[in-house]
Amino acid sequence: MAFPFFGDDKSKIAQMLATLPQQGRVEWIGIRPVRREPLVSVPEVEVLTDARLQGDHARVKTGGKRQVTLVQHEHLMAVAGFLGQPTPVDPGRLRRNLVVSGLNLLALKNRRVQFGEEVILEITGECHPCSRMEEELGPGGYNAMRGHGGLTARIIRGGLLRVGDAVLVLPAEAPAADQ
């Protein structure tokens with residue numbers, strides 16, 4: 001079933017959901033060359049269409065919904081606050097690929113987003129914290145991340161992605177007639 005408000009131009013909620021004029025920014029990129037090892041921060045990465053970030057160990061499925069993970073830059077300080085830390089959490093410790101600022105990522109679920117000139121991701125769902133957060137952040141790490149775990153995405157179009165690239169929400173597509 002399609003989202004009940006989608007395409008209903010008369011609905012105030014549909015209008016508000018479709019209004020995302022803000023522009024975000026890529027703040028950090030991380031890849032995991034080896035499973036269970038620390039993420040490596042990189043200034044740029046080749047995004048492979050319907051696959052993964054080049055150099056990342058992930059074994060993702062073609063058409064899979066979890067090819068890339070993202071987290072909200074503004075949440076790094078929130079998580080630190082829940083842990084009693086005075087400075088933002090290092091993004092590599094959260095085990096997500098991309099850190100994005102300036103956009104409320106949760107508002108992007110089921111939307112396509114362009115990163116820089118080439119890359120298009122489709123935001124597919126929430127990326128809930130796992131037990132590794134206790135290892136990475138210490139006692140309470142899992143609970144500090146609840147609601148701040150970020151999102152998962154499928155790679156629609158690959159290309160070069162750089163720290164500092166603009167992040168733009170693409171216009172919503174109309175649902176198919178059979179939905």
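Contact is taken here to mean heavy atoms within 4.5 Å. On that basis, in this predicted model, Cys127 touches Arg66, Thr69, Arg96, Gly149, Gly150, Leu151 and Thr152, when residues up to four places away in sequence are not counted. Cys127 is found in the loop between β7 (119-126) and α3, and its C-alpha atom is separated by 8.5 Å from that of Val71, although the two residues are 56 residues apart along the chain. The relative accessible area of Cys127 is 2%, and because buried status requires a value under 20%, Cys127 is classed as buried.

The accessibility of Cys130 was assigned in the same terms, and with a relative accessible area of 35% this residue is partly exposed. The sulfur of Cys127 has its closest cysteine sulfur in Cys130, at 8.1 Å, and the sulfur of Cys130 likewise has its closest cysteine sulfur in Cys127. Because a disulfide is counted where a pair of cysteine sulfur atoms lies within 2.5 Å, the separation of 8.1 Å between Cys127 and Cys130 is too far for a bond. By this rule the count for the model comes to zero disulfides.

With regard to open space in the model, the second largest pocket holds about 420 Å³. Its lining consists of 19 residues, and those lying nearest the pocket centre are Arg32, His57, Ala58, Arg66 and Arg95. Two or more residues of this lining are given by each of the elements β4 (68-72) and α3 (132-137). By residue class, the lining of the second largest pocket divides into eight charged, six nonpolar and five polar residues. Arg66, one of the residues nearest the centre of this pocket, is also among the residues that Cys127 touches.

At the level of the whole protein chain, four helices and ten strands are present, and from the N terminus on these elements follow the order α-β-β-β-β-α-β-β-β-α-α-β-β-β. The protein chain comprises 179 residues, of which 43% are buried. Among the contacts in the protein chain with a separation of 6 or more, residues 24 or more positions apart account for 72%. The accessible surface of the protein chain comes to about 9,900 Å², and carbon and sulfur atoms contribute 52% of this area.

Terms used
Residues are numbered from 1 along each chain as its sequence is written. This is a predicted model: local features need pLDDT of at least 70, side-chain atom pairs count only at pLDDT 80 or more; totals for chains, interfaces and linings use all residues. Side-chain values use heavy atoms; hydrogens and water are left out. On a 1 Å grid over the protein atoms alone, a cavity is a set of points where a 1.4 Å probe fits but cannot get out, and a pocket is an open set with protein on both sides within 12 Å along at least five of seven lines; lining residues have an atom within 4 Å of a point. Grid points are joined across faces, edges and corners, and a volume is the space filled by probe spheres set on the points. Ala, Val, Leu, Ile, Met, Phe, Trp, Tyr, Cys and Pro count as nonpolar, Asp, Glu, Lys and Arg as charged, and the others, Gly among them, as polar. Buried means under 20% relative accessible area, exposed over 50%, partly exposed in between (1.4 Å probe, protein chains only). Accessible areas come from the Shrake-Rupley method with a 1.4 Å probe; for residues, only the protein chains shown count as cover.
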